[in-house]
Amino acid sequence: MAATLLSSLRSILLQLFDSGAIKFADPGQEFTLKSGAKSPAYFNLRTLNNNAKLREEASGLMWQACQLGDNATYDCICGVPLGAICYADAISLAHDLPLVLKRPFAKQHGVSKKLVDSDLPKGSNCLVVEDVVTSGTSVIETVTALRDAGFVVTHAVTFIDREQGGKERLGTEYNVHLSSVCTGSQVLDILYQNNKISTELKDYVQQYLSANNMIVAKEPPVQAKQLNFQERALLTANPVAKKLLNIMTQKSTNLIFSADVDSLDTLLDLASIVGPHICAIKTHINTFAVENFKLDLIYKLRNVADEQNFLILEDSKFADIGNTVYKQYVDGYHICEWADFVTAHAVSGPGVIEALVKGSGNRDRACLLIAQMSSDGNLVSEAYTNGVLKIAEDHSGFVAGFICRQKLSSKPNFIHITPGVKLAAGMGTLGQQYLTPDEVIKNRQSDVVIVGSGIYQAEDPLAATIAYKEAAFAAYNDLL
Ligand code: 5IU
């Protein structure tokens, strides 16, 4: 750190210490942190709010700590509520960066329950600012809300990194690089050098910080290794999930084509063209005019799928009680006979899955549970998504994975599949929200992208398919 920056940091830390914003406790006298954990180190930067000059200086150091180099910059900035909003605001004013506000809780009134309300273009790269990072949970909440609102988040900055696992967690699980003005150890060193704390206290607190790396304690680093699709196939009991993982490996593609076209004939034509580059085709069988529906055409699709080694995913979104789902799956369009797997909501409970299992008989079949949706203003809450995960775990023999916006489960058998994907992120028609393949696979760690209009509306659907396939598979390879 340059001498002037160090002297500025020293002056801020000494003032924080003198005002009681940084405190240390002797053994047995530990403070209780927001997380409930006990700690001998207490860093509360809120007293900076009382001193505008100092706050400005601290924000300046944060900005310097997260420079991207090569004149690159961020499109906007967001502070983790509430404590860090003032630093984001100071940086926003000093560097003419648009400020994005994230609410601490979703609004209870009005139609919008959005956590982030901003009219900045989707795909804007947003820097996240926090005052103190311990396990990284608060930063993660803000990153997730921003990503859900269509922002790209690659960097976060904090004044103090307590070095208790937040940086590693943000990096490995969320692909967010955390910069800091100083670490907990540096705070101790500076205060010690300036005779504010004793050697004994410094060593005791240092030992505590090193021994309480929350992430390392909870998750051994071995788990951070990403298994590839082939390795995951070996750990997967469901035959469809196994097949999909093997196809993705053999054909180097984690792209599903959503064939939302006007007729089954067009669908068949497109399937033959894009077949070599996809791992599955997604249909909506009930969008075809009933009078035009011919079962023999769908069997032709089955033949193309078998010849070209891709699966058929019928996006039925079953959501009724078990008895009705059974009829919809077995009768009607005879979905159970030709679709390898189907989508289902878990809103009515596990009866949906039990109906699909019964309807599948002894065929190799599976379902994907809809855990999250891509449409703007959808009503899926975190609690609902967690409920879906629980049902999936209880029925992991039949549930191959999730339709979702990001990786939700660390279980290798569950495949994460994400619709709402375009090469350029942004808002589509009728509320569809698009993310890029890179954002979905690399940052959000989903496994597979679903692309519809990006392919069938392209001037050259084959070239578009190849472009999506290459972008999504390169992002997957980057993660390994
Ligand atoms: N689809 C979504 N979002 C969802 C779910 C399904 O887009 O949350 I659940 C379907 C709808 C459409 C396809 O069939 O995925 C996406 O098509 P486009 O790439 O044309 O938007």
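Me: Why is Asp-96 called exposed?

Reply: Asp-96 has a relative accessible area of 70%, and exposed means over 50%, buried under 20% and partly exposed in between, with a 1.4 Å probe and protein chains only, so Asp-96 counts as exposed. This is a predicted model in which local features need pLDDT of at least 70 and side-chain atom pairs count only at pLDDT 80 or more, while totals for chains, interfaces and linings use all residues. Residues are numbered from 1 along each chain as its sequence is written, and side-chain values use heavy atoms, with hydrogens and water left out.

Me: What makes the phi of Asp-96 worth a remark?

Reply: Phi of Asp-96 is near 55 degrees, a positive value in a residue other than glycine. Most residues other than glycine have a negative phi. Asp-96 sits in the loop between α3 and β6, where helices (H or I, at least four residues) and strands (E, at least two) are DSSP runs numbered from the N terminus. Asn-195, in the loop between α6 (184–193) and α7 (199–211), also has a positive phi, near 60 degrees.

Me: Why does Lys-122 count as partly exposed?

Reply: The relative accessibility of Lys-122 is 27%, which falls between the limits already given for buried and exposed, and therefore Lys-122 is partly exposed. Lys-122 lies in the loop between β6 (99–100) and β7 (126–133).

Me: Why is Asn-323 called exposed?

Reply: Asn-323, placed in helix α13 (residues 322–330), has 58% relative accessibility, and because this value is over 50%, Asn-323 counts as exposed.

Me: How do you know that Asp-260 makes a polar contact with the ligand?

Reply: An N or O atom in the side chain of Asp-260 is 2.8 Å from an oxygen atom of the ligand, and a polar contact is a pair of N or O atoms within 3.5 Å, so this pair qualifies. A polar side-chain atom of Ser-453 lies 2.7 Å from an oxygen atom of the ligand, and one of Ser-374 lies 2.6 Å from a ligand nitrogen atom. Of the 500 Å² of accessible area that the ligand has on its own, the protein covers 89%, with areas computed by the Shrake-Rupley method.

Me: What is remarkable about the peptide bond from Pro-81 to Leu-82?

Reply: The bond from Pro-81 to Leu-82 is cis, with omega near -15 degrees. Most peptide bonds are trans. Leu-82 is found in the loop between β5 (76–79) and α3 (85–95).

Technical notes
Polar contact = N/O pair within 3.5 Å; in protein donor to acceptor, adjacent residues only side chain to side chain. Areas by Shrake-Rupley, 256 points an atom, 1.4 Å probe, with all protein chains shown as cover.
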